[in-house]
Amino acid sequence: MRAARLIRMVLLLQSRPRMTAAELAVELEVSERTVARDAEALSEAGIPVYAERGRAGGYALVGGYRTGLTGLAPEEAQALFLSGVPGALREMGLGEAASAARLKVSAALAPPVREASRAVGGRFHLDAPAWYTRPEAPELLAPLAEAVWGDRRVAATYRRGDREVSRELEPYGLVLKAGVWYLCARADGAGQARVYRVDRFTGVRELGTLFARDTGFDLAEFWRARAEEFARSLLREEIRLRLSPAGARKLPRVTDPRAAREALEAAGWREDTAGSGWVEDVVLPVESLEVAFDQLLGLGPEAEVVAPPRLRERLGEAARRMAGLYG
């Protein structure tokens with residue numbers, strides 16, 4: 001809409017001393033000819049926009065002019081608190097709201113503070129997804145985000161294995177973990193919140209009713225506890241190791257870090273004792289013997305599997321094959 005674009009142009013000029021037609025065209029996603037027409041329309045409306053020709057020219061507001069169009073809309077205020085994760089904002093449908101909110105805040109700040117905020121934005125950036133992945137926003141993330149913001153109940157269908165289940169959910173919060181979105185919600189009026197992967201939702205429909213949010217619910221603490229519980233639940237088997245000092249130092253890098261540190265401490269190893277000999281009887285929880293095999297290959301001759309025998313035999317065979325390759 002042109003009205004929204006004109007307001008945005010005023011805010012841009014209010015937050016910076018001068019902008020070229022090309023810079024405004026990029027920010028407003030229009031042509032430079034449209035920028036010129038918009039500047040003329042603002043002047044006719046009584047807003048003192050003037051153009052300076054020449055190499056150092058551009059558009060600017062008459063010195064000291066301030067607009068009162070800086071009140072934050074609710075969705076803009078919400079987006080502002082997430083402005084450090086621009087990718088997440090876009091996926092939730094809040095990219096434009098965040099941009100507008102930042103402009104309004106910038107326009108309301110005194111010049112020295114405004115420059116400081118711009119300097120921070122140019123020096124720090126959070127990139128949440130992991131390397132070697134091309135995460136795509138789940139199709140139903142935006143409607144779930146709207147329900148979270150508005151405390152609105154939803155009817156949802158969700159893939160669980162090879163079947164679909166239906167639930168009425170009270171969506172409490174969204175978490176972005178290593179490029180994957182999760183919904184924390186209470187199902188069918190149950191007291192305990194659960195975690196759902198957003199990309200497994202196949203349908204979301206608002207029920208038209210609100211739920212009473214538990215004021216004692218702490219999303220960050222809930223996620224921390226559930227993530228720890230989930231990580232421990234994956235470690236279903238145990239293996240027994242001997243480790244060289246180098247192997248002990250490397251173990252947390254190739255296996256679950258918490259489980260590795262706890263296993264080393266239980267075996268009596270400390271970092272300051274490195275070099276005093278091999279660490280005996282390290283009992284390490286692992287996800288499976290298959291996973292443990294892949295992980296321990298990374299330690300090479302710095303680790304010896306004592307038990308179970310089948311894992312020891314498999315690593316021995318891998319060592320013999322490697323010796324054959326390298327002579």
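Strand β5 spans residues 180–187. Seven of its eight residues are buried, so β5 is largely enclosed by the rest of the structure. The model described here is a predicted one. Strand β5 has two pairing partners, taken in turn below.

The first partner is strand β4, which covers residues 163–177. Strands β4 and β5 are antiparallel and are joined by eight bridges. Within this pairing, P171 is matched with A185 of β5. The two strands form a hairpin, with two residues between them. One residue of the turn, A178, has a positive phi of about 50°. The other partner is strand β6, residues 193–197. Here too the pairing is antiparallel, and five bridges make it up. C184 has V195 of β6 as its bridge partner. In a regular strand, side chains point to the two faces of the sheet in alternation.

Nonpolar cores come next. The largest nonpolar core holds 24 residues. Those touching the most other members are I239, L241, L243, L251, L284, L296 and L311. Several elements give two or more residues to this core. The strands among them are β8 (237–243), β9 (279–286) and β10 (303–307). The helices are α10 (245–254), α11 (257–266), α12 (289–297) and α13. L296 shows how such contacts are made across the sequence. Leaving out residues up to four places away, L296 touches I239, L241, V305, L311 and L315. A second core is separate and has 19 residues. A145, V154, A156 and A187 are included in this second core.

Helix α13, residues 309–326, also contains M322. M322 forms a nonpolar surface patch with L325 and Y326. Together the three residues have about 440 Å² of accessible area.

Charged side chains were examined over the whole structure. The search finds 13 salt bridges. One of them joins D199 to R197, with the closest N and O atoms 2.6 Å apart. D199 has a relative accessibility of 34% and counts as partly exposed. R197 is partly exposed as well, at 25%. A residue counts as buried only under 20% and as exposed only over 50%, so both values fall in between.

Another salt bridge lies within a single helix. E221 and R224 both belong to helix α9, residues 219–234. They are three residues apart, which is about one turn of the helix. Their side chains meet at 2.7 Å, N to O. E221 is partly exposed, with a relative accessible area of 39%. R224 is also partly exposed, at 42%.

A further salt bridge joins R314 and E290, at 2.8 Å from N to O. This pair links distant parts of the chain, 24 residues apart. R314 sits in helix α13, and E290 in helix α12. R314 has a relative accessible area of 35%, so it is partly exposed. E290, at 43%, is likewise partly exposed. Salt bridges can also be connected to one another. R242, E280, E304 and R312 are linked in a network of this kind.

Two buried residues complete the description. D38 is found in helix α3, residues 32–44. Its relative accessibility is 1%, so D38 counts as buried. Beyond its neighbours within four places in sequence, D38 is in contact with R2, R5, L6 and M9.

G58 is part of strand β2, residues 58–61. With a relative accessibility of 9%, G58 is also buried. G58 and E23 are 35 residues apart along the chain, and their C-alpha atoms are separated by 9.2 Å. Not counting residues up to four places away, G58 touches R18, M19 and T20. Y50, A51 and E52 are touched by G58 as well.

Terms used: Residues numbered from 1 in each chain as written. Predicted model: local features only at pLDDT ≥ 70, side-chain atom pairs only at ≥ 80, totals over all residues. Heavy atoms only, no water. Patch = residues over 30% accessible without salt bridge, like charges linked within 9 Å, V, L, I, M, F, W, Y side chains within 5 Å. Areas by Shrake-Rupley, 256 points an atom, 1.4 Å probe, with all protein chains shown as cover. Salt bridge = Lys/Arg side-chain N within 4 Å of Asp/Glu carboxyl O. Helix = DSSP H or I, 4+ residues; strand = E, 2+ residues; numbered from the N terminus. Buried < 20%, exposed > 50% of the residue type's maximum accessible area, 1.4 Å probe, protein only. Pairing = 2+ DSSP bridges. Contact = heavy atoms within 4.5 Å. Core = buried A, V, L, I, M, F, W, Y, C linked by side-chain atoms within 4.5 Å.
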